[in-house]
Amino acid sequence: MSGDGMANAERAQPVVTARAAGLVGCAECGHVFPVGAERCRVCGTRLVSRDMASLQKVWAWLFAGMVVYIPANVYPMLRTTTFGRTQESTIVGGVFDLIDHGSIGVALIVFVASVVIPVSKFIAIAYLALRVQRGQPGTASHFHLYEFVEFIGRWSMIDVFVVAILSALVQLNFVATIHPGIAAVSFALSVAFTMISANSFDPRLIWDAPREGTQL
Amino acid sequence: MISLAPFFDNSPEPVRQPLRFRANRLSPVARIAYQTAMTDSVSDLIACPKCDVLHKLPQLEKGAQAKCVRCGTVLMAPRDGAMTRIVMLSITALILMIAAVFFPFLELSVKGLGRKSSVFDAILAFSEGLMLPLSFAVAALIVVLPVTRFLALIYVFAPMALGWAPARQAREVFKLAEAIRPWAMAEVFIIGVAVALVKVAGLAQVTLGPAFWAFVGLVIITVLKDNFMCRVTVWQTLNARSQS
Ligand SMILES: [Zn+2]
Ligand SMILES: [Zn+2]
């Protein structure tokens with residue numbers, strides 16, 4: 001009926017899941033149906049007890065996000081022209097510029113949003129997906145890691161917005177102009193792809209990590 | 001105001017007894033019988049959408065909150081007049097959004113040269129060549145998706161707030177609103193503005209325009225509004241109202 005993972009998880013915390021009770025819960029609205037029901041009667045979502053297929057989507061989008069993150073760091077994010085002299089800066093270069101200006105706090109915000117969050121997101125999603133694939137049931141802390149990853153992802157967009165605002169604002173002909181660099185595109189894509197990856201993850205897998213092929 | 005009472009406190013009432021105790025004491029055979037019996041009355045059970053743990057639907061007082069015993073996800077949070085408030089806040093947010101988009105957002109001046117730019121200009125910043133898709137993306141994230149979400153919420157909740165039956169397609173529209181939620185990034189944009197201000201501070205004088213404050217108001221209202229919404233509760237209400 002249920003995998004080993006389920007038994008372990010239940011020993012740690014005595015609760016009954018819909019799956020263990022031979023039911024299937026709707027991932028959208030929480031309504032419960034007997035196994036075999038196709039769609040939720042309440043909200044119309046397709047009913048899956050544990051969406052193992054979601055893992056493939058998670059990996060595909062995660063991989064895409066990691067690939068486009070490379071050009072995002074190599075190519076310039078901003079091209080600043082002051083008095084006819086053009087200067088290009090990458091994501092990390094922009095952080096150092098801010099430190100030079102003495103804005104340590106803002107440099108920290110940009111560094112966390114553009115480097116720390118994306119990289120730790122890659123690691124966290126891969127770690128959680130690997131655990132599920134190995135059939136290791138997770139605990140509340142694994143779930144909270146997932147929740148955090150899902151919540152924090154959108155904040156990485158800060159740097160893309162900064163580039164958009166600066167490019168719109170700083171158009172003073174000869175004195176100073178700012179143009180977006182190609183890295184802005186790949187960075188935005190990277191953030192979007194990792195967000196899709198995290199959103200595709202079925203969090204119910206984290207708790208009991210059923211082995212592939214196991215029946216309900 | 002909000003009591004963070006878990007579902008299954010130590011209430012002596014038998015109905016409130018945790019399901020887990022009843023189920024775990026049963027032998028496998030009894031358990032199957034128990035399941036079969038349960039499928040007839042599954043409508044008073046709810047499975048946490050995030051961890052699948054079964055809960056018996058609680059009778060909550062208005063303002064109380066019920067959380068999943070395992071993962072802490074809010075499962076029920078009925079509020080007095082929640083729907084009216086969501087509708088009012090969404091309408092306010094829409095009005096603020098119009099102001100935020102078209103009024104000047106920031107004004108930059110250096111050596112007598114001045115430039116006012118609106119959110120609209122920030123969107124158009126990427127409109128050259130290869131950057132055009134990014135222009136669309138920024139427009140979507142800070143204006144189109146938030147506006148779609150406010151309209152969707154008004155469509156779903158306004159008829160119910162007035163005591164009418166839910167609008168046609170209310171379910172699909174609410175699902176859309178929930179799907180859009182992570183992609184509506186007005187508050188991220190505000191932090192972006194703050195960072196941009198620091199970056200140009202050495203270069204020129206920057207003044208905040210009225211649209212900036214409209215946007216700040218918009219962000220506060222969005223956060224307030226989302227606090228009134230609990231997905232599972234909304235589905236319960238939608239379900240109850242469309243049956244009657
Ligand atoms: Zn449903
Ligand atoms: Zn839960």
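A polar contact here is a pair of N or O atoms within 3.5 Å; within protein, one must be able to donate a hydrogen and the other to accept it. The model on screen is predicted, and the tour starts between its two chains, A and B.

Show chains A and B together. By the criterion above, 15 residue pairs are in polar contact between chain B and chain A, both residues of a pair being at pLDDT 80 or more. Next, colour helix H7 of chain B, residues 186-200. This helix gives 11 residues to the side of chain B that touches chain A, the largest share.

Now select every residue in the contact: 65 belong to chain B and 75 to chain A. Within that selection, pick out Asp52(B), Arg70(B) and Lys199(B), which supply 12% of the area that chain B buries against chain A, more than any other three residues. For the pair of chains, the buried area is about 6300 Å², and carbon and sulfur atoms give 70% of it.

Salt bridges come next; there are 3 between chain B and chain A. To see a salt bridge, select Arg231(B) and Glu28(A), whose side chains meet at 3.4 Å, N to O.

Finally, centre on the zinc ion (ligand 2). Its protein donors are the SG atoms of Cys48(B), Cys51(B), Cys68(B) and Cys71(B), at 2.2 to 2.3 Å from the ion. Along the chain these donors are spaced as C-x2-C-x16-C-x2-C. Measure the angles among the 4 donor atoms: they run from 101 to 114°, and the site is tetrahedral. For four tetrahedral donors the ideal angle is 109.5 degrees. Last, switch to a surface view at Cys68(B) and Cys71(B), both of which are buried.

Methods
Residues numbered from 1 in each chain as written. Chains lettered and ligands numbered in written order. Heavy atoms only, no water. Donors = N, O, S within 2.8 Å, 3.2 Å for Na, K, Ca; no water. Tetrahedral: all angles 85-135°; square planar, octahedral: opposite > 155°, others 65-115°. Buried < 20%, exposed > 50% of the residue type's maximum accessible area, 1.4 Å probe, protein only. Contact = heavy atoms within 4.5 Å. Buried area = accessible area lost by both parts, 1.4 Å probe. Salt bridge = Lys/Arg side-chain N within 4 Å of Asp/Glu carboxyl O. Polar contact = N/O pair within 3.5 Å; in protein donor to acceptor, adjacent residues only side chain to side chain. Helix = DSSP H or I, 4+ residues; strand = E, 2+ residues; numbered from the N terminus.
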